[in-house]
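Let's take a walk through this structure together. Have the sequence and the 3D view at hand, and follow along one part at a time.

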Amino acid sequence: MPVVVAFYADWCGPCKMMAPVFEKTAAERMGGVLFAKVDTDRNPRVAQRFSIASIPTLIAFRGGRETARQMGALPKQQLDALVDQALAARG
C-alpha cells in the first residue's frame, strides 16, 4: 500500500494551512493509501534520515521506496497528483 508522509511542525504557518487539505485527502483515499504525519521537532532523527530541509514536506512511498517528494504547502490538486504518482509507482 502506498504511504504519504507529511513532515511538519506545530509552529509552521504553511503546515497549518496544509493540514485541512491533507486530512481531507486522507479521508477520501482511506483504504487505498496510508497517510501519516511526522512532527520534525519531536522526531528530528526521522527528519534528518529523510533529508527534510524545509517544512512542510510531503513524501510518497511505495514498497518502501520514495516515489515522489514535494516541499511547501500544496493545494488539493497537487496533493492528489502526488498520491496518484505513488499509486502508479511499482513497489
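Searching the whole of this predicted model turns up three aromatic pairs. Take F22 and F35 to begin with: their ring centres are 5.3 Å apart and their planes meet at 80°, so this pair is edge-to-face. F22 belongs to helix α1 and F35 to strand β2, which means that the pair ties together parts 13 residues apart in sequence. Are these two residues buried or exposed? Both F22 and F35 are buried.

Another edge-to-face pair is made by F50 and F61, with 5.5 Å from centre to centre and 70° between the planes. This pair also links distant parts of the chain: F50 sits in the loop between α2 (44-49) and β3, F61 sits in strand β3, and eleven residues separate them. F61 has a relative accessibility of 13%, and because the cut-off for a buried residue is under 20%, F61 counts as buried. If you add F7 to your selection, you will have a single aromatic cluster made of F7, F50 and F61. While you have aromatic rings on screen, look at Y8 as well: K37 lies over its face, at 4.8 Å from the ring centre.

F61 brings us to its strand. Five of the six residues of β3 (residues 57-62) are buried, so this strand is largely enclosed by the rest of the structure. Which strands does β3 pair with? One partner is β1 (residues 3-8), joined to β3 in the antiparallel sense over five bridges. You can find this pairing at V5, whose bridge partner in β3 is I59. The other pairing, again antiparallel, is with β4 (residues 65-71) and runs over six bridges. Here R62 has R65 in β4 as its bridge partner. Two residues lie between β3 and β4 in the hairpin that they form, and G63 in the turn has a positive phi of about 60°.

Now step back to the loop between α2 and β3, where S51 and P56 are both found. What is unusual about its backbone? Most residues other than glycine have a negative phi, and most peptide bonds are trans. S51, although not a glycine, has a positive phi of about 55°. With 53% relative accessibility, S51 counts as exposed, because the cut-off for that class is over 50%. As for P56, the peptide bond that leads to it from I55 is cis, with omega near 0°.

Our last stop is helix α3 (residues 76-88). How far apart should its ends be? At 1.5 Å a residue, its 13 residues should span 18 Å, and the C-alpha atoms at its ends are indeed 18 Å apart, so the two values agree. Within α3, the buried residues are L79, D80, L82, V83 and A86. Viewed down the helix axis, the buried residues fall within an arc of 160°, so they line one face of α3. The spacing fits a simple rule: an α-helix has 3.6 residues a turn, so residues three or four places apart point the same way. Turn to the face away from the buried side and you will see the exposed residues Q77 and A88. And what covers the buried residues of α3? The cover includes β1, α1 (13-28), β2 (34-39), β3 and β4, several of which you have already met on this walk.

Notes
Residues numbered from 1 in each chain as written. Predicted model: local features only at pLDDT ≥ 70, side-chain atom pairs only at ≥ 80, totals over all residues. Heavy atoms only, no water. Buried < 20%, exposed > 50% of the residue type's maximum accessible area, 1.4 Å probe, protein only. Helix = DSSP H or I, 4+ residues; strand = E, 2+ residues; numbered from the N terminus. Pairing = 2+ DSSP bridges. Expected span 1.5 Å × (residues − 1). Arc of directions from axis to C-beta. Contact = heavy atoms within 4.5 Å. Phe/Tyr/Trp six-rings, centres within 6.5 Å; stacked < 30°, edge-to-face > 60°. Lys NZ or Arg CZ within 6 Å of the ring centre and 35° of its normal.
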